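Work through the exercises below with the model open. Try each task before reading its solution.

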Amino acid sequence: MPGSNCTQATEFSLMGFTEDPATQATLFLMFLLTYLVTILGNLGMITLIRASPLLHSPMYYFLGNLAFVNLCTSTIITPRILVGVLSEKKGMAYAGCTAQVFTSGLFLVTECFLLAVMAYDRYVAICHPLLYPLVMSPERCSRLVAGSYLLGLANAVGQTIGMSSLLFCSSSTIDLFFCDISLLISLSTSDTTLSLVILRTASLLSVPSLLVVLVSYVAIISTILSISSAEGKCKAFSTCAAHLTTVSTFYGALIFMYLIPRSDTSRGGDKWAAVLYTVVTPMLNPFIYSLRNQEVKKAWRR
């Protein structure tokens, strides 16, 4: 429980990356460029998928939703980084922090399940191509995407409820560039049992999605290796190479950030792991899915 000298916080102080002015200017330009590229890339991908008849298939339907989630994730996080880099005042109001916990929790888990759905889509396309139109019907695709958003919403509501049960001293400082629920729990001066239960439940939510990805790719790789021609193997692998790259980057950063146990003194890499899945991955995804995809290239040319 808070002590007598502890006043309930009305805002939090977010620690940036550095106090050096020259480095801050460099970081500002880097994050600004990254954000602009993210906006243009993901909006371009969404527009292209909607406008081009070549891309009206389940894979691109899922990719369009992934681009939307990436766009939202970047918009939640990156503008706050830009303000924090240049502003002397690093504070964020309690209400703003709560909103960021809700939205980041929503889109983080939604992206986990969208990536799992996309892995399942590739599994059906490569391992059971004759059944693909039946299994990945428009109705089923819509339900899979809606389920991903609902699971993300359930996680967001749970994390927000967990945060509302926490008390913080007025001097609370978050050693990150956005409000992360795991760090907020460690800063709280009240009983954190409920918040920890919700956080661990949210962590468990990502396990089924990761298992779907792993099982799907074990089956995909087994099927690809059984193809006799080298050309057939390359063609099959090229259809899932982009998704595998995205999954590796996204889940690798999440595992480092949330699942690897370490002491408070060894969390120096957390900021850059968070940058990887909140800033870099949303920027790279449109290019990962465009550069080696012949259908997307044809759609761009048209």
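## Exercise 1: A serine in a helix

The model is predicted. Ser74 touches Tyr35, Thr38, Pro79, Thr278 and Pro282, with residues up to four places away in sequence left out.

**Task.** Place Ser74 in its helix, and decide whether Ser74 is buried or exposed.

**Solution.**
1. Find the element. Ser74 lies in helix 2, which covers residues 58–86.
2. Read the accessibility. Ser74 has 1% relative accessibility.
3. Apply the cut-off. Buried means under 20% relative accessible area, so Ser74 counts as buried at 1%.

## Exercise 2: The second largest pocket

**Task.** State the volume of the second largest pocket. Then describe its lining: which residues are closest to the centre, and which helix gives the most?

**Solution.**
1. Start with volume. The second largest pocket has about 570 Å³.
2. Go to the centre. The lining of this pocket has 22 residues, and Met59, Tyr60, Thr239, Asn293 and Glu295 are the closest to the pocket centre.
3. List the helices. At least two lining residues come from each of helix 2, helix 3 (94–127), helix 8 (230–259), helix 9 (270–291) and helix 10 (294–301).
4. Pick the main contributor. Helix 8 gives the most to this lining, with six residues.
5. Sort by chemistry. The lining holds 11 nonpolar, six polar and five charged residues.

## Exercise 3: The cavity

**Task.** How many cavities of 30 Å³ or more does a search of the whole structure find? Characterise the largest cavity.

**Solution.**
1. Count. The search finds one cavity of 30 Å³ or more.
2. Give the volume. The largest cavity has about 120 Å³.
3. Locate the centre. Of the 13 residues lining the largest cavity, Met15, Gly16, Ile81, Gly84 and Val85 are the closest to its centre.
4. Assign helices. Helix 1 (21–51) and helix 2 each supply at least two residues of this lining. The largest share, four residues, is from helix 2.
5. Sort by chemistry. The lining of the largest cavity has seven nonpolar, four polar and two charged residues.

## Exercise 4: The nonpolar core

**Task.** Which residues have the most contacts inside the largest nonpolar core? List the contacts of Leu184.

**Solution.**
1. Take the core. The largest nonpolar core has 78 residues, and Ile174 and Leu184 have the most contacts inside it.
2. Find the main source. Helix 3 gives the most to this core, with 16 residues.
3. Follow Leu184. Leaving aside neighbours within four places in sequence, Leu184 is in contact with Phe12, Cys97, Val101, Met163, Leu166, Phe168, Ile174 and Cys179.

Methods: Residues are numbered from 1 along each chain as its sequence is written. This is a predicted model: local features need pLDDT of at least 70, side-chain atom pairs count only at pLDDT 80 or more; totals for chains, interfaces and linings use all residues. Side-chain values use heavy atoms; hydrogens and water are left out. Buried means under 20% relative accessible area, exposed over 50%, partly exposed in between (1.4 Å probe, protein chains only). Contact means heavy atoms within 4.5 Å. On a 1 Å grid over the protein atoms alone, a cavity is a set of points where a 1.4 Å probe fits but cannot get out, and a pocket is an open set with protein on both sides within 12 Å along at least five of seven lines; lining residues have an atom within 4 Å of a point. Grid points are joined across faces, edges and corners, and a volume is the space filled by probe spheres set on the points. Ala, Val, Leu, Ile, Met, Phe, Trp, Tyr, Cys and Pro count as nonpolar, Asp, Glu, Lys and Arg as charged, and the others, Gly among them, as polar. A nonpolar core is a set of buried Ala, Val, Leu, Ile, Met, Phe, Trp, Tyr and Cys residues joined through side-chain atoms within 4.5 Å.
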